[in-house]
Amino acid sequence: MTEVADERRYRHVGVVQIYPWRPHAFQRDYLLTLARDYGAETSELVCHGSLEKCYDKQYQTVGFGSVDHCLKCRLGRSATARSHRQFVIDWTTKSIPVEGEERAIISNRAALVRAEVARDVSPDIGGRGLLHAYRAGYHSAMKWIEACGVDLIFLFNGRIDLLKGVVDAASACGIDFMSYERSWFGDGLMLLPRENCLGLRHIHDMCRTVGVSELPEDDWVRAERIIAGRVDRTGSNEWRDFQKRGEGNYSDLISQIGKAPKVLVLPSSNYEIWGHSDWRVEWTDNFEAIDYLQSALGIPFEDFLIRGHPIWAQRVGVSFGNKADEHYRDYCARRGIRYVEPTSAIHTSALIEASDLVVLNAGSSVMEAVWRGKPVISLAVSTYQTIGVCPTLLGPGQSLDIPDDATRRRQIVKFIHAMDRVAPTFVNHLKAVSSGEQQAFEGGDFGDVVRQLEFDTLMSPGKNEAPVGAPIERRPTLVEKARGLFKYGDR
């Protein structure tokens, strides 16, 4: 372990979970255990419940959207709660304004209705509940930090009302924090130093470095295997895997869509990143971007095809993706563009294979497109923006230089490797069992956390090199048991 870790840089580690969704409650307990083994004191900021309509009560579909959700959150408390101090959210602070509060929760309002364009979002969405939750999170975190002497905070997500309040309080106090989420491909934890779960600074820096590095053969083969799983539709540990849908014989694709498209547009929803500075573009919306691209390419709209994302036909929280579907359907009707509906059984891979060019706005279909030999253009900021796999147009007048096929294939392998093995922490000590479960192993090194914060990078010295010990046995919380039966919190 390095000198930084030996000095016990952090003496009091706090954790904030609030919403025990998916596998994250288990991940909270894992981080708390590592912090105690490191020698730090620990505490947890918890919510005992409120009549306020927080994000969870308005977003989730199971239950009555009231105190029953408070019960769920309490049942999902840390399995090691008795071994550390618990500091309770003070809901009496809900009426104390916080500078920039409306901007802070704009993505929460957008997510509740799955907004696609600016006119879909308004301050009345979610009512005062979101605002009150953000304020309570902010002011309670300030009190917690002072009362317990917290000098490092782990928090789930960091985007959602109460949790966003904690992020902003930590920033205001100058306290280090790391957001945690599941990793893209299931192993390890996605820990971002001083960023919420949507931050891109460290991801982009990592991709720049990996993009000019040579990969060992084992890493190359593993990344190729992940890509092949997407392309061949054999499934994966991704949270939402659409690649097994619509399997069948597509030899008659042309009879279903007409002539093969020269330009295939595969839009993705952007409501969760709404208002985040790292994802800012010059376009008013994706429709303006498509219009510009059409004029730059000089290809008639009749040679375009837009495929509605399959997730728009699925319920996410309380909402279906009707808004996105309607906006793209109307846009295609005005421009004379063919539109494949979200519910269509036509597989996206078949459309990619038939097209000459694939256009994304940050979507992960970059994997399939590149692997099938198709050039890609992104019309929005993406996680892969800095690795050199495709040009990114964030506004008019930017370069459209498309790398050759060999370069694209090489760089997409490096990108997948980076997101699978480099970005996550504890990739050898938290192994995916399924998309929502992990098996923990002894030997995880808290120094991996300390060094990432110390060096302000996802590529700190010695990361993920600690020896792996025996499997760790644990008892799931009541919420985890219920989730296993009903998939509660997955949608």
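# Rings, cores and a buried helix

Me: How far is the charged end of Arg409 from the centre of the ring of Trp371?
Reply: The charged end of Arg409 sits over this ring. That label needs NZ of Lys or CZ of Arg within 6 Å of the ring centre and within 35 degrees of the ring normal. For Arg409 and Trp371, the distance to the centre is 3.9 Å.

Me: What pLDDT do local features need in this predicted model?
Reply: Residues are numbered from 1 along each chain as its sequence is written, and side-chain values use heavy atoms, without hydrogens and water. The model is predicted: totals for chains, interfaces and linings use all residues, side-chain atom pairs count only at pLDDT 80 or more, and local features need pLDDT of at least 70.

Me: Which helix gives the most residues to the largest nonpolar core?
Reply: A nonpolar core is a set of buried Ala, Val, Leu, Ile, Met, Phe, Trp, Tyr and Cys residues joined through side-chain atoms within 4.5 Å. The largest one has 97 residues, and Tyr19, Ile153, Phe154 and Phe446 touch the most other members. With 10 residues (127-148 is its span), the top contributor to this core is helix H7.

Me: How many residues are in the other core, the one with Val231 and Leu253?
Reply: This core lies apart from the largest one. Tyr384 and Phe415 are also among its members. Its count is 43 residues.

Me: Are the rings of Phe287 and Tyr328 stacked, edge-to-face or tilted?
Reply: Rings of Phe, Tyr and Trp (its six-membered ring) pair if their centres lie within 6.5 Å; planes under 30 degrees apart are stacked, over 60 edge-to-face, the rest tilted. The count comes to 14 aromatic pairs by this rule. In this one the centres are 4.5 Å apart and the planes meet at 55°, so the pair is tilted.

Me: How many residues apart in sequence are the parts that this pair ties together?
Reply: Helices (H or I, at least four residues) and strands (E, at least two) are DSSP runs, numbered from the N terminus. Phe287 lies in helix H12 and Tyr328 in helix H13, so the pair links parts whose separation in sequence is 41 residues.

Me: Is Ser378 buried or exposed?
Reply: Buried means under 20% relative accessible area, exposed over 50%, partly exposed in between (1.4 Å probe, protein chains only). Ser378 is in strand E11. At 0% relative accessibility, Ser378 counts as buried.

Me: Which residue has the backbone oxygen that the side chain of Ser378 reaches?
Reply: A polar contact is a pair of N or O atoms within 3.5 Å; within protein, one must be able to donate a hydrogen and the other to accept it, and residues adjacent in sequence count only if both atoms are side-chain atoms. Here the distance is 2.8 Å, and the partner is Ala380.

Me: Which residue joins the side chain of Glu181 in a polar contact?
Reply: Glu181 is found in strand E5. At 15% relative accessibility, Glu181 counts as buried. The polar contact spans 3.0 Å, and the other side chain belongs to Asn157.

Me: How many of the 8 residues of helix H6 are buried?
Reply: The buried ones include Ile106, Asn108 and Leu112. They pack against helices H3, H5, H7 and H8. H6 is largely enclosed by the rest of the structure, because its buried residues number 7.

Conventions
Contact means heavy atoms within 4.5 Å.
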